[in-house]
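Grab a pencil and keep the sequence and the 3D view open side by side. Each exercise below sets a task, and the worked solution follows right after.

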Amino acid sequence: MGKPTGFLEVDRRTALKRPVSERVTDYKEIELLASPQDTESQASRCMDCGTPFCHNGCPLGNIIPEFNDAVYEQNWKYAFEILVSTNNFPEFTGRICPAPCESACVLGINKPAVAIEMIEKSIIEKAYAEGWVVPQTPAKRTGKKVAVVGSGPAGLAAASQLNKAGHLVTVFERADRIGGLLRFGIPDFKLDKSTIDRRVAVMVQEGIEFKTNTTIGQDIKLSKLQQEFDAIVLTTGSTTPRLIQAKGNDAIGIFPAMEFLSQQNKRVSGIEVVKNHKGESYSHGEILATGKHVVVIGGGDTGSDCVGTSNRHKAKSITQIEVMPKPPVDRAENTPWPNWPNMLRTSTSHEEGAERLWSISLQEFVKNEKGELKALLIGDISMKNVNGKLEQEIINIREIPCDLALIAAGFLHTDHANLIDELKNQGGNLDERGNIAANPNYKTLVDKVFTAGDARRGQSLVVWAISEGREAARQVDLSLMGKTNLPGKTISSFDL
C-alpha cells in the first residue's frame, strides 16, 4: 500500500472533459488524458483492501490494488505489466467500460470510489507513449490453425490469446474494417478509431491475419473453415435490434439506433455511408438528425450515444424516453454495495442537452399523409392499486413532435443468417434467447466450433466480451493441445 492515508487526504477526481461548446462541433474524444501527477494522486486513494472486491466486480479479474500501488510509486512500467496480464485491451476498457470495479470498490461504501477507469487509461497511454507496447510474437508455433469469426472485442481477445499460445490465427470480418461494435457502434467522441488501428497494427506484427469483407456462411461456408482450420471461434456479436411493436411503426423516419450511429462513424472515418455492415445498400439512404425533432427510445448507453450524435448534427430538439421509472440519484437500497447500483446516470451526451422522460409508454407512431413520421403519441405510466394488486395505468396521453425516431431498446440475439443455418444443419442449436448455445467450455455441438462474447451470452459489456474471448481461447488451446498455459479466471465475477 503506497500511502495508507491517501483515501483520507485526496478527493476523487476523474478525467477532465472538453467544454460542451467546443466538443459538440466535432467528433474528437471528450475526455482528456489525466496528467501523471493527477493519476498518481488518484492511485494513492486505493486502500489495498484485505479483500479487494474490485477484483470480483471486474469480469476480467484485473489486479487493481497492485497496479494502483505501482502507479503511486511511479513504477509505471510495472503497473502496465500487471494491467496487461489480465486485460488485452485496456485502451478500450479505459474509455468505454462502465467500470463495475468502481461500483464494487470498498472505499465506495461511504466515500467516492477510486477512479480505477481513469488510472487504467493513463497506464496504457503511458505505455504506448514510452514504447512498452510491442509485438509479443510466440517463440514457437504449434502448427494448429484457428479461425475467429468476428472482430469485435471478444474476437480480438480470443485471437490475441490464441496467438500467444502459438497457434496460427485468422480473423474474418464481414465489414470492411476491423473492430465490430468498437468500430461501428461506439461514437468517435468516446473512442477515437485510431485507438483500434493502433492495436490492430500490433496484432498484425504478432502474426495474426485479418480478412475483411468476408461473410462466413455466404462468401465462405462454415464447412470450408472446418476443412482448413483445427478450431473455429464464433464471436459474431448480438446485432439483431429489438424493435418497437406499436401502431404506425411502418412510418418513414423510424430507425434502429445502431444504423444511425454506424453511419456517423463511417462519415468520420471517410467510409461509404450508404451500405450497412453486411455490404448491402440502405434503401432509405443516409440518416441525419439535422434540423429534426429527434426522439430516442431507450435510456441506456446506446440511447445516450444517439443523443450526443444528434447534438452534433444540430437537431432541432432531442427527447429521450424510457419505459422504466426514473432511478434515484444515489444508490438504490435494492442494489447495495458491492452490486452494480441502480441509480441515475448522466452521460457526457446528456450534459450537452436533451430532455429526458421516464415511465413513458409509447402508444403510437403518428404519420402524415405521406406516411412520414410527424409525432409520437405517448403516455405516462402510473401504478394503481386494484383489489390489493398494483396494475399499470396509462395517463396523460399526449403528442410530442418527432420526425426522426431512433430505437435504442437493445439487441435480441446474434444475426440469424446463413452461418446460423449452416450451424443448425450440422447439429448446432440456439438457446432460448436466440444466441449460439454452447457448453461451459464454450464448445458448441458442432465439430471444431466454439463461441464467445455477445453471440453466446447476449448483449453485454465490452469488458465481458474481452473476458469471454480470453476464456474461449483457453478452452480452444486446451482442446487442441491437451493442456494450456493461457491464464483463466481464478475468481468469480458479478454477472452484470
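**Exercise 1.** In which helix does I124 lie?

*Solution.* Before we start: this is a predicted model, where local features need pLDDT of at least 70, side-chain atom pairs count only at pLDDT 80 or more, and totals for chains, interfaces and linings use all residues. Residues are numbered from 1 along each chain as its sequence is written, and side-chain values use heavy atoms, with hydrogens and water left out.

Step 1: find I124 in helix α9, residues 116-130. Helices are DSSP runs (H or I, at least four residues), as are strands (E, at least two), and both are numbered from the N terminus.

Step 2: check its accessibility. I124 counts as buried because its relative accessibility is 0%. The scale goes like this: buried means under 20% relative accessible area, exposed over 50%, and partly exposed in between (1.4 Å probe, protein chains only).

Step 3: list the neighbours. Leaving aside residues up to four places away in sequence, I124 touches F80, P90, E91, V133 and R199. A contact means heavy atoms within 4.5 Å.

**Exercise 2.** Now do the same for T39: where is it, and is it buried or exposed?

*Solution.* Step 1: T39 sits in helix α3, residues 36-43.

Step 2: its relative accessible area is 0%, so T39 is buried.

Step 3: apart from residues up to four places away in sequence, its contacts are A34, V71, W76, M118, I119 and S122.

Step 4: look up the record. An unreviewed UniProt entry has the annotation "domain: Dihydroprymidine dehydrogenase" for residues 24-131. UniProt positions are given in the numbering used here, feature names are shortened, and annotations may be inferred rather than shown by experiment. In the model, that span is 53% helix and 0% strand, and its end C-alpha atoms lie 33 Å apart.

**Exercise 3.** Zoom out: how does the radius of gyration of the chain fit that of a compact globule?

*Solution.* Step 1: take the rule, which is 2.2 Å times the number of residues to the power 0.38, with the radius taken over C-alpha atoms.

Step 2: apply it. For 496 residues, a compact globule would come out near 23 Å, and the chain has 23 Å, so the two agree.

Step 3: add the rest of the picture. The chain has 19 helices and 13 strands, and buried residues make up 53% of its 496 residues. Of the contacts with a separation of 6 or more, 67% are between residues 24 or more positions apart.

**Exercise 4.** How many cavities of 30 Å³ or more does a search of the whole structure find?

*Solution.* Step 1: get the idea. Rolling a probe the size of a water molecule over the atoms shows where empty space is left. Here, on a 1 Å grid over the protein atoms alone, a cavity is a set of points where a 1.4 Å probe fits but cannot get out, while a pocket is an open set with protein on both sides within 12 Å along at least five of seven lines; lining residues have an atom within 4 Å of a point. Grid points are joined across faces, edges and corners, and a volume is the space filled by probe spheres set on the points.

Step 2: count. The search finds five cavities.

Step 3: go to the largest cavity, with a volume of about 100 Å³. It has 16 lining residues, and C46, C49, C54, C105 and V106 are the closest to its centre. Helix α5 gives the largest share of that lining, three residues.

Step 4: move to the second largest cavity, at about 80 Å³. Its lining includes C58, C97, C101 and V463, and α9 supplies the largest share, three residues.

**Exercise 5.** Which residues does the cis peptide bond join, and what is the phi of D48?

*Solution.* Step 1: recall the background. Most residues other than glycine have a negative phi, and most peptide bonds are trans.

Step 2: the cis bond joins W337 and P338, with omega about 5°. P338 lies in the loop between β7 (317-321) and α16 (348-351).

Step 3: D48 has a positive phi, near 50°. D48 belongs to the loop between α3 and α4 and is partly exposed, with a relative accessible area of 35%.
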